[in-house]
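Me: I should be grateful for a close look at a single part of this model. Please take one helix and the core around it, and then set that part against the remainder of the chain.

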Amino acid sequence: MQFAAAAAAATTVEAAHALARRPVSAQFSVPGAVDHHAGRVIRSVLNEWGSVDLRSEAHSVLTAAGLRHDAIGVDRETNFALLARVAATDAAADLPVVYIGGTQAISGGIYDHHLINHGALGLAGEIGHMIIDPGGRPCWCGRRGCVETRIGLLALYAAATGHPEPPFDQLFTDSADLLTAIRDLASTGDERAHSALPGPATGRASLSMQSRRS
Ligand SMILES: [Zn+2]
């Protein structure tokens, strides 16, 4: 399974060649914990990956395209989303940005001094499976009491609708429908749905914050 991303990149490179373009790098966006220096996926529950040396595996596929090993990047998808948000909103370059988002799983990222802050272990912002209640409800990652069990999409759906929490695989197949159901219910003024949401019901599952250094 871990070769799927590299194979997709190879297809993209072929398309670039067909357009007489020369690929200069390939960047892999992965949901989960990533050591971006090493180009290694530490764990991606949504992909059902354990440790994967994605850069090396991609390099073996992309060598024919002329890409060097150091031209292949791997990072958490939330960090790419954060960069896109910074670019789209023209977030002042001198302001640090903390981004919390996710359509399938809760995650976050930190942008400061014109760079992504990956933290000492490369996991800065990876908050979805941070345990906030050791005796709490089981999480789909296999542990208990993660942030996901409180504000993840499955938990939010159950709290907003009063229905049982959907099974894990609906994160793959029905995340958009679950979000729509929550938004629609909230838009009717449903008290339960409103009380389940952390703020005004906007129908969005992401939140970005900017703060100025004091
Ligand atoms: Zn978890």
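Reply: The account below begins with one helix and its core and then turns to the strands and loops. The model is a predicted one, and side-chain atom pairs were counted only at pLDDT 80 or more.

The part chosen is helix α5, which comprises residues 153-161. Its buried residues are Leu153, Leu154, Ala155, Leu156, Tyr157 and Ala160. The elements that cover these buried residues include α4 (148-151), α6 (170-173), α7 (175-187) and α8 (191-196). Directly after α5 comes Gly162, with a positive phi near 85 degrees.

The largest nonpolar core has 19 residues, and those touching the most other members are Leu153, Leu156, Tyr157, Ala160, Ile182 and Ala193. At least two residues of this core come from each of α5, α7 and α8. The greatest contribution is that of α5, which gives six residues. Another core, of 17 residues, lies apart from it, and among its members are Ala5, Ala9, Val30 and Ala33.

Ala193 offers a more detailed view of the contacts in this region. Once residues up to four places away in sequence are set aside, Ala193 touches Ala160, Ile182, Leu185 and Ala186. Of these partners, Ala160 is one of the buried residues of α5.

The strands may be considered next. Strand β4 (residues 72-76) is largely enclosed by the rest of the structure, because four of its five residues are buried. β4 runs parallel to β1, and five bridges join the two. Within this pairing, Phe28 has Val74 of β4 as its bridge partner.

Strand β5 (residues 97-101) is likewise mostly covered, with four of its five residues buried. β5 pairs with strand β6 (residues 107-112) in the antiparallel sense, over five bridges. Val97 has its bridge partner, Tyr111, in β6. The hairpin of β5 and β6 has five residues between the strands, and Gly102 in this hairpin takes a positive phi near 135 degrees.

Strand β3 (residues 40-43) contains Ile42. This residue counts as partly exposed because it has 19 C-beta neighbours inside 10 Å, whereas a buried residue needs 20 or more. Beyond its neighbours within four places in sequence, Ile42 is in contact with Ala33, Val34, Asp35 and Ser51. One of these partners, Ala33, is a member of the core of 17 residues. Ile42 and Gly32, which are 10 residues apart in sequence, have C-alpha atoms 7.7 Å apart in space.

Two loop residues complete the description. Ala20 is located in the loop that links α1 (3-18) and β1 (26-30). Its phi is near 60 degrees, which is a positive value in a residue other than glycine. Ala20 counts as exposed because it has 6 C-beta neighbours inside 10 Å. Glu48 belongs to the loop between β3 and α2 (54-62). The phi of Glu48 is near 60 degrees, again a positive value in a residue other than glycine. With 9 C-beta neighbours inside 10 Å, Glu48 therefore counts as exposed.

Definitions and conventions
Residues numbered from 1 in each chain as written. Predicted model: local features only at pLDDT ≥ 70, side-chain atom pairs only at ≥ 80, totals over all residues. Buried ≥ 20, exposed ≤ 12 C-beta atoms within 10 Å, placed from the backbone. Pairing = 2+ DSSP bridges. Contact = placed C-beta atoms within 7 Å. Core = buried A, V, L, I, M, F, W, Y, C linked by C-beta atoms within 7 Å.
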